[in-house]
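Hi,

Here's the structure I promised to pass on. Have a look at it first, and then read my notes underneath.

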Amino acid sequence: MRLTLKVWRQPKGATKGHFETYETDGVSPDMSFLEMLDVVNDRLTLDGQDPIAFDHDCREGICGTCGMVINGVAHGPERATTACQLHMRHFRDGDVIHIEPWRAAAFPVIKDLVVDRGALDRIMEAGGFVTAPTGAAPEAHSTLVPKEAADAAFEAAACIQCGACVAACPNASAMLFTAAKVAHLSRLPQGQPERYGRVVKMVATHDAAGFGNCTNIGECAAVCPKEIKLDTITALNRDVISSTLFQ
Amino acid sequence: MTQTITETENPWIDAPSGTGPVLTANVKADGKTIEEMWDAHRFSLKLVNPANKRKHTIIMVGTGLAGGAAAASLGELGYHVKAFCYQDSPRRAHSIAAQGGINAAKNYRNDGDSVFRLFYDTVKGGDFRAREANVYRLAQLSVDIIDQCVAQGVPFAREYGGLIDTRSFGGAQLSRTFYARGQTGQQLLLGAYSALCRQIDAGTVEMHPRTEMLEVIVVDGRARGIVVRDMISGAISSHFGDAVVLGTGGYSNVFFLSTNAKGCNTTAIWRAHRKGALFANPCFTQIHPTCIPVAGDHQSKLTLMSESLRNDGRVWVPKQGDDTRAPDQIPEDERDYYLERMYPAFGNLVPRDIASRAAKRVCDEGRGVGPGGLGVYLDFSKAQGGPAAINAKYGNLFDMYERITGENPYEVPMRIYPAVHYTMGGLWVDYNLMSTIPGLFVAGEANFSDHGANRLGASALMQGLADGYFILPATLTDYIGANTLPPVSADHPAVREAEASVNERVQRLLDVNGTRTVDSFHRELGQVMWDYCGMSRNGEGLRKAINRIPELRAEFWDNVKVPGINEDLNQSLEKAGRVADFFELAELMCIDALHRNESCGGHFREEYQTPEGEARRDDDNYAYAAAWEFKGVGLAPVLHKEKLTFDYVHPAQRDYR
């Protein structure tokens, strides 16, 4: 396959970037999208140019490190698929592909396609945990967790913190991420004691980090590689309102 | 700089008896049985007054299951922890990719499990090359790990009654594996990460993401700090503490193609090795039997399909070689379900090393399937419960397979082939998880301790969390309590020297400005390792590799092209530093494999096999951990031996037939 790539290049420390065009040939349909970029980078390196910086690690869709907007869609055209799991068989010979970083005020661009997603860690640090110091745990079977609750918690806990929801949201809101983290714990008995304090702190940190608010557009759920559902945010809102009664 | 190793020469030196570090486990439990050992040992350990803990700084490198759990637990105890990881968030450490589950001797299924049985299975599964005391402790702690994880909110799979579900897993005949669909690693890591977040918020843990450790600082014989590179600014700086912990994972990426994340590397433990920490059993690598086969030259990594799939899938190849028919066109009586045929007792559930070698054997016979003939079928068409049950258990794995291969595994059998997955070898540690450098502790996959020559499925998560949550908080406290450690000055010659060596190395990599990319060298090194130090090894091949690696390493330093500058986010520079260390490690792995004239676990020497083609151990001569001392690049390493004794599990040839 022969492709034309238009890739966002932004040197470290620069406030502005631009699209650079790269013609690339000999792309195999069995390559992953990132393997295709590896080939481009090998050529740039040998030509004495700076290779395209992009984040990646596990390349099997679970670590959440990779993330780029491909032809206007976070993680590209395949549903429920991270950029590293997207394969070139979903493109056609001669295609023009635009590649951009996540764009959000709370995710400053570090270089090229690499952004700083540390704000998501700050949200977790604010309350995304159960206070359970090592050694203090009761016997695992002392608390029964109905299968439905465990499965529902798991669905939310599947979030990989990649930030695609933020990149897709016109408001650059991280509410789907925050809601997934809140829901994971609020659906389990272990999460109940801190339930309402947790949601208040996490939402406050979300807002302070510069993420926009949620206006129920739903782009986030459409691009989420782990298919976190939009109604997770509804549940978060319910907990926020309940917190005013229980706090 | 290169010399040819001939047939008769040995590229290593046996340590003269009575010299060098004494390799004893340091178990302080005289006269106690193995069941009482950890308790007795713990009672002997020193404590540190809670009010004094905050005055002590612990340097933690790596924040996966071992490092993250330890950082959080030490922070909870009140220590000041400085934690470092190369990822942009600790939640992304490669522990996250573990799929299948975590073992624990809870005996929730009433199927005959016990702490002793998990201990027994792990020692036997490791082909009698692990230290009994450590393995017993691991089995004991396994039950506490599950309790801890549940308390944190890890969403383990549940039965309808609300109790936890378990399943059987490669190499075990009972259901002791706890799981969270196909992403147990992610869920356990999120538990450790959330505990770590709580400590970051509380101020006990200072987190440094996107920071790579490049050197250990050893002052007066003790590990007192590290030199790191900020991966965004390129700034090189030193950090000091009373102890240093490495929880930096394994070195499978020496093979270039492995199931490890692209960033996984050996740099932290290799730098420590160069500074005096002995490296034990480097040739003990695990080849996982169920990975997606290589698709082409562009391949950048391999993807594992959890071996839990072997619970329901049946492995087969055509009976005849070069059979090009589609799998559904091959009648039942022309299929060879070779694991069930060769190992009727365990069938498709034989341990990983055995399943991998069997796959290699049938492919070497020309009966492999798929492009290049390097694959076997894993077939779910007769699985109990049909597609719905399979989807509930393995849905995400099936989706992943389809995304990568473009084939629907509900309709055609999966194609799988073995791939490098885990390294049992690592830095030598005593019972306290301390290396031969006082004050340098090593946890999780980075140490050599618990899995011997082969790790059982679902035991890596168990070991990482046992080390991090429960062992290090006790043993590290003992070290702090037992020693008076004066502050280290940034002007100390050892600090200056460590920083200078890092700066010099970085500059040297940038200055080569040759004509080959880092990846092209890494691929070539990986191919040498796979060909000669992979699933099976022989003396001739290993000698070839030992001659080839220094040549390739010299070419690397002469002809690698690392573009850009240090003061930037420079991913080529990051890779180059890691590959440079892999080049040195690779040689040691081959030397270790050559010196061990026996087959055991993942180390299969073709010269040492039974008539049936199974591994033939040599307990008279090789019942020891081989701990290597670094003497310089290209110089013969010195071999130290920790004798292994088996008082509880009698060594026998593993028989899964």
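**Where the two chains meet**

Let's start at the interface of chain A and chain B, where 44 residue pairs are in polar contact, both partners being at pLDDT 80 or more. On the chain A side, these elements each supply at least two of the residues that touch chain B: α1 (33-46), β6 (109-111), β7 (114-115), α2 (118-127), α3 (147-157) and α5 (175-186). The biggest giver on that side is α3(A), with 8 residues. Bear in mind throughout that this is a predicted model.

How many salt bridges are there between chain A and chain B? The count is 6. If you'd like one to click on, try A:Glu155 and B:Arg181: their side chains meet in a salt bridge, at 3.3 Å from N to O.

Now for the whole contact. Chain A puts in 74 residues and chain B puts in 75 residues. Between them, about 6100 Å² of area is buried, and carbon and sulfur atoms give 53% of that.

**A patch on the surface**

Next, find B:Phe116, B:Tyr120 and B:Tyr648, which make a nonpolar surface patch of about 250 Å². To locate B:Tyr648, go to the segment after β21 (638-643) of chain B. Why can B:Tyr648 count towards a patch at all? Patch residues need over 30% relative accessible area, and B:Tyr648 makes the cut because its value is 33%, which leaves it partly exposed.

That's what I have so far. Happy browsing!

Technical notes:
Residues numbered from 1 in each chain as written. Chains lettered and ligands numbered in written order. Predicted model: local features only at pLDDT ≥ 70, side-chain atom pairs only at ≥ 80, totals over all residues. Heavy atoms only, no water. Patch = residues over 30% accessible without salt bridge, like charges linked within 9 Å, V, L, I, M, F, W, Y side chains within 5 Å. Areas by Shrake-Rupley, 256 points an atom, 1.4 Å probe, with all protein chains shown as cover. Salt bridge = Lys/Arg side-chain N within 4 Å of Asp/Glu carboxyl O. Helix = DSSP H or I, 4+ residues; strand = E, 2+ residues; numbered from the N terminus. Buried < 20%, exposed > 50% of the residue type's maximum accessible area, 1.4 Å probe, protein only. Contact = heavy atoms within 4.5 Å. Buried area = accessible area lost by both parts, 1.4 Å probe. Polar contact = N/O pair within 3.5 Å; in protein donor to acceptor, adjacent residues only side chain to side chain.
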